[in-house]
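Reader: I have a new structure to look at. Can you walk me through it?
Author: Yes, here it is.

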Amino acid sequence: MADERRSALMRTHSGLHVLCGVVFRDYGCLVTGGNMDPLSARMDFNLPEVPPGFKEAVEHACNAEIAADRRIDVRVLPRTEAFAIPDIVRTATNLVPESVQDVRIVDIVGLDTQADGGTHVASTKQIGRIEVAKVESKGRGFRRLRIRVAD
């Protein structure tokens, strides 16, 4: 049971990175918050307007990235080297404390590279499939995307 829960959390966490990578690449939006449970999660973005077809376009792009079977690499870099990587922090606020000198980097090769401390699957194909269940307004300029992860 614990292994199933851990696997579900790893798939969900990696799925959130795919979501973040797609929304950043396609819409230029940073993350302002998030939360996850096994196989369901939410991520908040600084997205002023929701373009027509946004929900479907994001879901389609996420699943295309998952199907591409992108490798997910993890490495640790000295802080100065890590922060020299463009857009290494995809949150509106840098959450890596100044005291952290060795920064763990999670790289969905070709899509998303971020400072991150969580567990992940080895490739995007292991995520399964992402459904963007809902897009909500969270105040002026902020949107919440709720996702579900399925086989």
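Reader: What pattern does the protein follow along the sequence?
Author: Read along the sequence, the pattern is α-β-β-α-β-α-β-β-β-β. That comes to 3 helices and 7 strands. Helices (H or I, at least four residues) and strands (E, at least two) are DSSP runs, numbered from the N terminus.

Reader: Anything to know about the model before going on?
Author: It is a predicted model, where local features need pLDDT of at least 70 and side-chain atom pairs count only at pLDDT 80 or more, while totals for chains, interfaces and linings use all residues. Residues are numbered from 1 along each chain as its sequence is written, and side-chain values use heavy atoms, with hydrogens and water left out.

Reader: ok. What is the radius of gyration of the protein?
Author: The protein has 15 Å, which agrees with the value near 15 Å for a compact globule with 151 residues. The radius is taken over C-alpha atoms, and the globule rule is 2.2 Å times the number of residues to the power 0.38. Along its principal axes, the C-alpha trace spans about 40 × 40 × 25 Å.

Reader: And how much of the protein is buried?
Author: Buried residues make up 43% of the 151 residues. Buried means under 20% relative accessible area, exposed over 50%, and partly exposed in between (1.4 Å probe, protein chains only).

Reader: Now the sheets. What is the strand order in the one with 4 strands?
Author: The order is S1-S2-S7-S6, in an open sheet with antiparallel pairing. Two strands pair if DSSP finds at least two bridges between them.

Reader: Which strands stand at the edges there?
Author: S1 (31-37) and S6 (129-137); each has a single partner strand, so one side of each is left without a neighbour in the sheet. The twist averages 20° from one strand to the next. Axes for such angles are lines fitted to C-alpha atoms, for helices over the stretch in contact, and angles run from 0 to 180 degrees between N-to-C directions.

Reader: How many bridges do S1 and S2 pair over?
Author: There are 6 bridges between S1 and S2 (residues 40-45), in the antiparallel sense. Asp37, for instance, has Ser40 in S2 as its bridge partner.

Reader: What about the sheet of 3 strands, what order does it have?
Author: S3-S4-S5, again an open sheet with antiparallel pairing. S3 (72-78) and S5 (112-115) are the edge strands, each pairing on one side only. S4 (residues 102-108) and S5 pair over 4 bridges, and Ile105 has Ala115 in S5 as its bridge partner.

Reader: Switching to helices. Which strands does H2 lie across?
Author: H2 lies across S6 and S7 (143-150), and runs at about 150° to S6.

Reader: Glu65 is in H2. Is Glu65 buried or exposed?
Author: Glu65 is buried, with a relative accessible area of 8%. Leaving aside neighbours within four places in sequence, Glu65 is in contact (heavy atoms within 4.5 Å) with Val18, Val22, Arg25, Arg70, Leu111 and Thr124.

Reader: Last thing: how many aromatic pairs does the structure hold?
Author: It holds 1. Rings of Phe, Tyr and Trp (its six-membered ring) pair if their centres lie within 6.5 Å; planes under 30 degrees apart count as stacked, over 60 as edge-to-face and the rest as tilted. The rings of Tyr27 and Phe54 have centres 4.9 Å apart and planes at 70°, so the pair is edge-to-face. Tyr27 is in H1 (residues 2-27) and Phe54 in H2, 27 residues apart.

Reader: How buried or exposed are Tyr27 and Phe54?
Author: Tyr27 is partly exposed at 28% relative accessible area, whereas Phe54 is buried at 1%.
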